[in-house]
Amino acid sequence: MASCCNVHGVVGVRNGRAFTYAQGKTFWKHDGFLPLPSGDLAVDFFTFGGDPAPLEDGPYSGIARVVAQTTAGSNVDTSDPVLQLFATDDFVAMPLMAAECDSQMPSPAFVTVGRVCRSNLDVDQNRAFDIDVSQYGAAPQQLIRLHCFYPSSHTRFLKTPLPNVGKHIIVHGYLTGFHHGRCLIHVRDIALGPGDITSPTTETPPSMTLGRFNWKGRGTKRAKYENDSDGDHTSASQPTPSSSQSTCA
């Protein structure tokens with residue numbers, strides 16, 4: 001079964017420059033930073049060298065593959081392995097409002113598919129397990145190990161068993177640290193590996209009703225939809241958004 005590890009979220013970027021990786025592959029290499037509850041984690045951040053220019057300094061949002069490289073980069077003052085991110089899509093600059101917000105940036109979310117290599121009594125921390133991932137970053141079969149743990153503050157995991165060694169699983173969680181070449185992941189969801197899925201075939205995609213939400217406002221109790229002018233606010237075909245407040249990331 002294939003394995004992968006992607007990070008979704010915010011990364012701080014600065015000092016972009018040309019960089020030739022193994023086998024002559026050219027990237028733009030940046031000094032990257034991932035926001036964690038305890039501070040900012042320094043990483044190596046790469047974008048495809050075919051792009052016209054490196055990213056300008058600032059915060060960005062997007063998706064990247066994650067590998068652990070044994071040779072530390074210039075951005076990380078340590079002899080331990082360094083976390084490297086390889087952008088898989090176009091990273092988008094954060095809006096000015098979010099960039100100037102004084103609140104803590106959200107920790108990046110990790111989505112991982114891999115094989116459990118240690119579990120239960122094999123690890124020091126109770127209710128924890130390790131996942132090994134091998135995927136293509138800048139070269140085939142680049143490795144990373146993740147140390148995942150069930151948070152004691154989430155009661156819904158109290159009766160969730162630890163996965164057995166050798167089991168392929170899918171984990172969604174948040175990065176809390178990186179030590180000795182392992183990502184520390186706060187588990188928020190876990191599932192067994194994918195199986196056979198049977199879905200009905202359709203010739204045309206189903207239609208859907210779209211609306212508009214006031215992403216810049218605060219205290220908005222209900223989003224205003226374009227077709228609200230017809231006066232039918234209670235139609236079953238019309239989605240009713242939940243009451244929420246837009247907050248600075």
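How many bridges pair strand β2 with strand β3, and in which sense, parallel or antiparallel? Keep that in mind while you set up the view. This is a predicted model.

**Stop 1: the whole chain**

Show the chain as a cartoon. It has 249 residues, and 38% of them count as buried. You will find 1 helix and 11 strands. Walk from the N terminus: the order is β-β-β-β-β-β-α-β-β-β-β-β. The helix therefore follows six strands and precedes five, since elements are numbered from the N terminus.

Now switch on the surface. The chain exposes about 14,900 Å². Carbon and sulfur atoms supply 52% of that area. Then think about contacts. Take those between residues at least 6 apart in sequence: 60% of them join residues at least 24 apart.

**Stop 2: strands β2 and β3**

Select residues 26-36 for β2 and residues 39-48 for β3. Here is the reply to the opening: the two strands pair over 10 bridges, in the antiparallel sense. Together β2 and β3 form a hairpin, with 2 residues between them.

Next, pick His30, which is found in β2. Its bridge partner in β3 is Phe45. Is His30 buried or exposed? His30 is buried, because its relative accessible area is 0% and the cut-off for buried is under 20%.

Show what surrounds His30. Leave aside its neighbours within four places in sequence. From the β3 side, its contacts include Val43, Asp44, Phe45 and Thr47. Val13, Arg14, Asn15, Gly16 and Arg17 also touch His30. Pro54 and Leu55 are in contact with it as well.

**Stop 3: from β3 to β5**

Add residues 82-87, which make up β5. Strands β3 and β5 pair over 3 bridges, this time in the parallel sense. Select Phe46 and look across to β5: Phe86 stands opposite.

**Stop 4: the nonpolar cores**

Nonpolar side chains tend to be buried together in soluble globular proteins. In this model, the largest nonpolar core has 34 residues. Select Leu83 and Phe129, the residues with the most contacts inside that core. Apart from the largest core lies another, of 5 residues. Among its members are Tyr21, Phe46, Val67 and Phe86. Phe46 and Phe86 are the pair you met across β3 and β5.

**Stop 5: strand β8 and its partners**

Go to residues 128-135, strand β8. How many of its 8 residues are buried? The count is 6, so β8 is mostly covered, with buried meaning under 20% relative accessible area.

Add β7, residues 109-119. Strands β7 and β8 pair in the antiparallel sense over 4 bridges. Select Ser119: it stands opposite Phe129 in β8.

Now add β9, residues 142-149. Strands β8 and β9 run antiparallel and are joined by 8 bridges. Pick Asp130 to find one of the partners: His147 in β9.

**Stop 6: the cavity**

Finish inside. The model has 1 cavity of 30 Å³ or more. About 40 Å³ of space lies in the largest cavity. Which residues line the largest cavity? Select Val7, Gly9, Val10, Val11, Leu34, Gly62, Ala64, Leu85, Phe91 and Pro108.

Color the lining by strand. β1 (4-20) and β4 (58-69) each supply at least two of its residues. β1 gives the most, with 4 residues.

Note on methods: Residues are numbered from 1 along each chain as its sequence is written. This is a predicted model: local features need pLDDT of at least 70, side-chain atom pairs count only at pLDDT 80 or more; totals for chains, interfaces and linings use all residues. Side-chain values use heavy atoms; hydrogens and water are left out. A nonpolar core is a set of buried Ala, Val, Leu, Ile, Met, Phe, Trp, Tyr and Cys residues joined through side-chain atoms within 4.5 Å. Buried means under 20% relative accessible area, exposed over 50%, partly exposed in between (1.4 Å probe, protein chains only). Contact means heavy atoms within 4.5 Å. Accessible areas come from the Shrake-Rupley method with a 1.4 Å probe; for residues, only the protein chains shown count as cover. Two strands pair if DSSP finds at least two bridges between them. On a 1 Å grid over the protein atoms alone, a cavity is a set of points where a 1.4 Å probe fits but cannot get out, and a pocket is an open set with protein on both sides within 12 Å along at least five of seven lines; lining residues have an atom within 4 Å of a point. Grid points are joined across faces, edges and corners, and a volume is the space filled by probe spheres set on the points.
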